[in-house]
Amino acid sequence: MNAAHDASRVVALVPAAGRGVRLGEAMPKAFVPIGGSPMLTLAVDGLIASGVVDRIVIIAPAELVRHAESALPAGFPADVVAGGAERIDSVRAGLAAAPEATHVLVHDAARALTPPSLIARVVAELRAGYPAVVPGVPVADTIKSVDSRQTVTGTPDRAGLRAIQTPQGFEAQLLREAYALDVPATDDAGLVERLGARVRVIPGDTMAFKITTPLDLRLANALLADRPVPDAVS
Ligand code: CTP
Ligand code: MG
């Protein structure tokens, strides 16, 4: 959905302002290298390779904004803004820097190995008229709810559960209204759901897993070692 096609503007917001406490590295997680490249760089490269994004807004820790600017891709419209204490604050800052967007993708830097083809599929669904589109994969483990005493209170049917990934795609105005609600949510679609809007789930991709723990980092490094040439959507 780039400018060559129509008047729409797809802006990808890349939250990269987290500390990476669970990963436990010395630097903020998005700047930790995988196969020699920072996660943030890999995530941005994937968005550009998808061919469906018009501009990228990176949301970085305040003290690393300059550093992130120095690593911006040459020849592609991209900007860096400072994030906030919670992811929701960071995305809000990115959204404010994308007033021209007709459609917004929110894509975690921590999902650094996301295939460009998945990004293209999310945007294709937006183009087909769905106002909110998220990738999801079946849940492998049995999920149980528990109370404060660690007593099981229920076992939802796994067939009806999905683990949700990014990029999450939205009509920009819908996401702006959702962020204006100013209520807590663990993902962007969760805010849109609060508005009563319909959120469509499309099949995700196991390669879009979120690098959260040291085990995830080892997996990501191993996968990159096995994948010398990144895939791209032509
Ligand atoms: N993020 C952000 N601003 C925050 C918190 C998170 O931009 N205040 C970003 C992270 O950089 C990451 C994405 O949101 O790309 C998903 O968050 P998560 O995986 O939880 O990353 P961290 O918050 O960095 O990790 P942790 O929770 O272990 O500290
Ligand atoms: Mg976090």
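**View 1. His107 in the predicted model, a buried residue.** This close-up comes from a predicted model. His107 has a relative accessibility of 1% and therefore counts as buried, the cut-off being under 20%. In the chain, His107 belongs to the loop that runs between β6 (103-106) and α4 (116-127).

**View 2. The side chains of His107 and Thr166.** A polar contact links these two side chains at 2.8 Å. The His107 end of the pair lies in the loop between β6 (103-106) and α4 (116-127), and His107 is buried at 1% relative accessibility.

**View 3. Ligand 1 in the largest pocket.** The space that ligand 1 takes is the largest pocket of the predicted model. Around ligand 1 there are 18 residues, of which Pro15, Val21, Lys29, Ser90 and Lys210 come nearest. Sorted by class, the shell consists of 7 charged, 7 nonpolar and 4 polar residues.

**View 4. Polar atoms of Arg19, Lys29 and Ser90 beside ligand 1.** Ser90 places a side-chain N or O atom 2.7 Å from a nitrogen atom of ligand 1. For Lys29, an N or O atom of the side chain is 2.8 Å from an oxygen atom of the ligand. Arg19 takes part through its backbone, with a polar atom there 3.2 Å from an oxygen atom of ligand 1. On its own, ligand 1 has 560 Å² of accessible area, and the protein covers 88% of this. Lys29 and Ser90 are also among the residues that come nearest to ligand 1.

How values were computed:
Residues numbered from 1 in each chain as written. Chains lettered and ligands numbered in written order. Predicted model: local features only at pLDDT ≥ 70, side-chain atom pairs only at ≥ 80, totals over all residues. Heavy atoms only, no water. Near = heavy atom within 4 Å. Polar contact = N/O pair within 3.5 Å; in protein donor to acceptor, adjacent residues only side chain to side chain. Areas by Shrake-Rupley, 256 points an atom, 1.4 Å probe, with all protein chains shown as cover. 1 Å grid on protein atoms, 1.4 Å probe; cavity = no way out; pocket = protein on both sides within 12 Å on 5 of 7 lines; lining within 4 Å. Sits in = over half its atoms within 2 Å of the grid points. Nonpolar A, V, L, I, M, F, W, Y, C, P; charged D, E, K, R; others polar. Helix = DSSP H or I, 4+ residues; strand = E, 2+ residues; numbered from the N terminus. Buried < 20%, exposed > 50% of the residue type's maximum accessible area, 1.4 Å probe, protein only.
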